[in-house]
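Subject: Structure handover and notes

Hi,

Here is the structure I promised to pass on. Please open it first, and then read through my notes below.

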Amino acid sequence: MFDLDAYLARVGLHGGRPSVAEVHRAHITSIPFENLDPHCGIPVSLAVEDLQRKLVIERRGGYCFEQNLLLAAALQELGAEVDMFLARVRLGAPAGVTRPRSHLVLRVRAEGLDWHADVGFGAGSLLEPLPFGPGAEHEQSGWRFRVVQEDPELVLQTVKEDEWVDVYGFAAQPVPFVDLETSNWFVSTHPRSPFVAGLRVSTQADDGARTLLSDWNGLSLTEQTPTATTVTPLQRDAVPELLATRFALPGYALAADGHLIPATQG
């Protein structure tokens, strides 16, 4: 069974019945985004009890499937209805490249409204849910988002360098859990998956500050606000300490070949 009280304590909410927006913001500002298991060759389970053990009890993080399925379980326990959609990430895609449907997005029916919820995009995730479907611009702690219709897809957009850019697009057709398992298998095990080959760990603060550790374009630590970005190049041997001190993810070491591993394997 899902332990709602333990989840709410994990995200810093205590007592009462928080709103969808309160749970969403508390989750994204409390649980780090990270792909450490795929990066270290560890299988990723989407079973609710495994997600609760990893992200709540062990105080780890996860990527979109883990994050959004945990959020879905909590919101369902609070009485919401949740549908799941698979999106194609567009942000950073070269012109003419079609990416796989590898990102999980939620529609949450609660409080008499339908919400577009997503705590699993890493640095750049929504801080709060948006009304589902195309609509007006929304500012969240300085970051701007909107959803536009681009038949047959809904497209989440954000502002980058004063221009609206696509984040991801998805057809508003709910998918069964088996489709999530298939996409998760690709993301977490395929040798060409960036989550297997690369490292990406991030947090978002309530004031809008984002911190990202990534080696997708050279190993660096990026600290970003809506008005400024600082990028600090790193050496590989700095990663374990940064994971522990900046992201509250202790217990990692570097193998002899420089690959990141759980310290128990060292």
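How many residues lie between β7 and β8 in their hairpin? There are two residues between β7 and β8.

Before the rest, a word on the ground rules. This is a predicted model, in which local features need pLDDT of at least 70 and side-chain atom pairs count only at pLDDT 80 or more, while totals for chains, interfaces and linings use all residues. Residues are numbered from 1 along each chain as its sequence is written, and side-chain values use heavy atoms, with hydrogens and water left out.

**The eight-stranded sheet**

Helices (H or I, at least four residues) and strands (E, at least two) are DSSP runs, numbered from the N terminus. Two strands pair if DSSP finds at least two bridges between them. On that basis, eight strands make an open sheet with antiparallel pairing, in the order β5-β4-β3-β2-β9-β8-β7-β6. The edges are β5 (130-131) and β6 (138-140); each has a single partner strand, so one side of each is left without a neighbour in the sheet.

Walking in from β6, three bridges join it to strand β7 (residues 143-150), and Glu139 has Arg144 in β7 as its bridge partner. The hairpin of β6 and β7 has two residues between the strands, and Ser141 there takes a positive phi near 50°. Six bridges then join β7 to β8, again antiparallel, with Leu154 in β8 as the bridge partner of Gln149. Strand β8 (residues 153-160) is joined to strand β9 (residues 163-170) by seven bridges, and Lys160 is partnered by Glu163 in β9.

Two helices pack here, where contact means heavy atoms within 4.5 Å. Angles run from 0 to 180 degrees between N-to-C directions, and axes are lines fitted to C-alpha atoms, for helices over the stretch in contact. Helix α5 touches β2 (81-89), β3 (101-110) and β4 (113-117), and its direction makes about 15° with that of β3. Helix α6 (residues 177-189) lies across β2 and β3 and runs at about 35° to β2.

**The five-stranded sheet**

A second open sheet, also antiparallel, has the order β1-β10-β11-β12-β13. Its edge strands are β1 (33-34) and β13 (229-233), each pairing on one side only. Two bridges hold β1 to β10, with Phe33 opposite Ser202. Five bridges link β10 and β11, and Thr203 stands opposite Thr211 in β11. In their hairpin, which has five residues between the strands, Gly208 takes a positive phi near 100°.

Strands β11 (residues 210-214) and β12 (residues 220-224) share five bridges, and Ser214 faces Ser220 across that pair as its opposite residue. Ser220 also stands opposite Pro233 in β13; β12 and β13 are joined by five bridges and form a hairpin with four residues between them. Helix α8 (residues 239-247) lies across β10, β11 and β12, at about 160° to β11.

**Empty space**

I used a 1 Å grid over the protein atoms alone: a cavity is a set of points where a 1.4 Å probe fits but cannot get out, a pocket is an open set with protein on both sides within 12 Å along at least five of seven lines, and lining residues have an atom within 4 Å of a point. Grid points are joined across faces, edges and corners, and a volume is the space filled by probe spheres set on the points.

There is one cavity of 30 Å³ or more, with a volume of about 50 Å³. Its lining includes Ile28, Phe33, Gln67, Val119, Ser202 and Thr203, and strand β10 (residues 200-204) gives the largest share, three residues. Counting Ala, Val, Leu, Ile, Met, Phe, Trp, Tyr, Cys and Pro as nonpolar, Asp, Glu, Lys and Arg as charged, and the others, Gly among them, as polar, this lining has six nonpolar, five polar and no charged residues.

The second largest pocket holds about 200 Å³. It is lined by 15 residues, with Thr29, Ser30, Pro32, Thr203 and Gln204 nearest its centre. By class, the pocket lining has seven nonpolar, five polar and three charged residues.

Best wishes
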